[in-house]
Amino acid sequence: MALTNLIINGDFSNSTNTSAAGWTGTDIETRVSSVYISGTGNNRVAELNGGTGNVTVMEQTFTVDSARDADLNFDYALRDSGTLGVDGFKVEVLDSNGVVIFTQDIVPDVQSTYIEFSDVVTFPAAGDYTIRFTEIGDNADGSGAVLDNVELLVCFAGETRIKTPTGYAMARDLKAGQLVTTQNGPKPIRWIGRRVVDAAAIEEDARFLPVRICQGALGNGLPTRDLLVSRQHRIMARSPIAQRMFGQAEILLAAIRLTGLPGIYVDTSVREIEYFHFLLDDHEVLLAEDTPAETLYLGDHANAALGNDAVAEIDLIFPGLRARHSEALPARAVPTRERQIRFMSRVVKNARPVLEDFTQNTGEC
């Protein structure tokens, strides 16, 4: 799974005293925490109490792609001058028609101490939603609660759709032995590797963060939904620029090389992710969200990424398969890092899509 925060600037670090990027509303006030609660440091927080006689409202609208649950988390506290049992705020989530699907009043029962809030918000359908924080209690300037680290975490990865001869299957549901659709026709999965990268690992090494390829960013409407892949996972490009540079129209590029294009970026909002590796008899190009992407290729770099235990398992179950991969050519040409960068520079300069005139040649009748 990949946990992605739908909230922009939930820690209020990108803010001024009277505004906060990503947030709209009235009487927005953000300052370092120690202004409100002595001895709490220099991280920026929002106060849910503006000027005297005014009511603070902070809200943000976001999009949910399907019916799903999300984890709502934030930190809150009553400032030093607040009134216990009186000052606080209301948190609401509303749909695009203004119907409230989640609400809770937060009235701190301790003073000057941060408390962690966590609950589940159930979104009934895809669409636009708004999260809103409204002050309640004594609206005199100098009292009130403060808010920090707002997160609305949803799981996207593992929900990547892989094309099979019988339709689409979620990556997390596929099993060894099942057929997947490749550019050479239906092929059985021999082995599936899974690796969960948690928040601590991402914090230690940002290279674990995935590349998000937004819907349509590659051209020809592809991918058909947002696609999250690891940085070095290779995506197929089809372009006359590749034909001129490499003598063939189709090549494989590491996803990180695509990040110069609009709608393709390293997704720093991801808190946790589970990566999947599909091993077939040969290196193949399958369709993930209808986008041509490589299966696992057991070269030296893949062996290092998988780890010794996974490599040993592959050797035990499929003796000789690793040698077969290492001796065979990849499914498409893989240019050197420098030539991939040069190719992408030309694509950007000429404003051409990565996937031009792409048709899903699956070898099926």
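Two strands are taken to pair if DSSP finds at least two bridges between them. The structure treated in these exercises is a predicted model.

**Exercise 1.** Determine which residue of β23 is the bridge partner of Val211, and place the two strands in their sheet.

*Solution.* Begin with the pair of strands: β19 (residues 211-213) and β23 are joined in the antiparallel sense over three bridges. Within β23, Val266 is the bridge partner of Val211. Next, consider the sheet, an open one of three strands in the order β20-β19-β23, with antiparallel pairing. Its edge strands are β20 (227-229) and β23 (264-266), each of which pairs on one side only. From one strand to the next, the twist averages 20°.

**Exercise 2.** Identify the residues with the most contacts inside the largest nonpolar core, and trace the surroundings of Ile213.

*Solution.* The largest nonpolar core has 43 residues, and those with the most contacts inside it are Ile213, Leu258, Phe278 and Phe343. Elements giving two or more residues to this core include β19, β20, β24 (270-279) and α7 (337-349). Now turn to Ile213, leaving aside its neighbours within four places in sequence: its contacts include Leu227, Val229, Leu258 and Ile264. Apart from this core lies another, of 31 residues, among them Leu6, Trp23, Tyr76 and Ala145.

**Exercise 3.** Establish the strand order of the five-stranded sheet and explain why β4 and β10 each have one side without a neighbour.

*Solution.* The order in this open sheet is β4-β7-β12-β9-β10, and the pairing is antiparallel. Because β4 (24-26) and β10 (100-106) stand at the edges with a single partner strand each, one side of each is left without a neighbour in the sheet. The twist averages 15° from one strand to the next. For β4, the pairing with β7 (residues 57-64) is antiparallel and runs over three bridges. Thr24 stands opposite Glu59 in β7.

**Exercise 4.** Decide which residues of helix α5 are buried and which exposed residues its opposite face carries.

*Solution.* In α5 (residues 308-317), Ala310, Val311 and Ile314 are buried. These residues cover an arc of only 100° around the axis, which puts them on the same side of α5. The face turned away from that buried side carries the exposed residues Asn308, Asp309 and Leu316.

**Exercise 5.** State which elements of the protein chain have the lowest and the highest mean pLDDT.

*Solution.* The chain as a whole has a mean pLDDT of 88, with 92% of its residues reaching 70 or more. Among its elements, helix α4 (residues 300-306) has the lowest mean, 61, and strand β16 (residues 179-182) the highest, 97. Where pLDDT is low, predicted coordinates should not be read in detail.

Note on methods:
Residues are numbered from 1 along each chain as its sequence is written. This is a predicted model: local features need pLDDT of at least 70, side-chain atom pairs count only at pLDDT 80 or more; totals for chains, interfaces and linings use all residues. Side-chain values use heavy atoms; hydrogens and water are left out. Helices (H or I, at least four residues) and strands (E, at least two) are DSSP runs, numbered from the N terminus. Axes are lines fitted to C-alpha atoms, for helices over the stretch in contact, and angles run from 0 to 180 degrees between N-to-C directions. Buried means under 20% relative accessible area, exposed over 50%, partly exposed in between (1.4 Å probe, protein chains only). The arc is that of the directions from the helix axis to the C-beta atoms. pLDDT is the predictor's confidence in each residue, from 0 to 100. A nonpolar core is a set of buried Ala, Val, Leu, Ile, Met, Phe, Trp, Tyr and Cys residues joined through side-chain atoms within 4.5 Å. Contact means heavy atoms within 4.5 Å.
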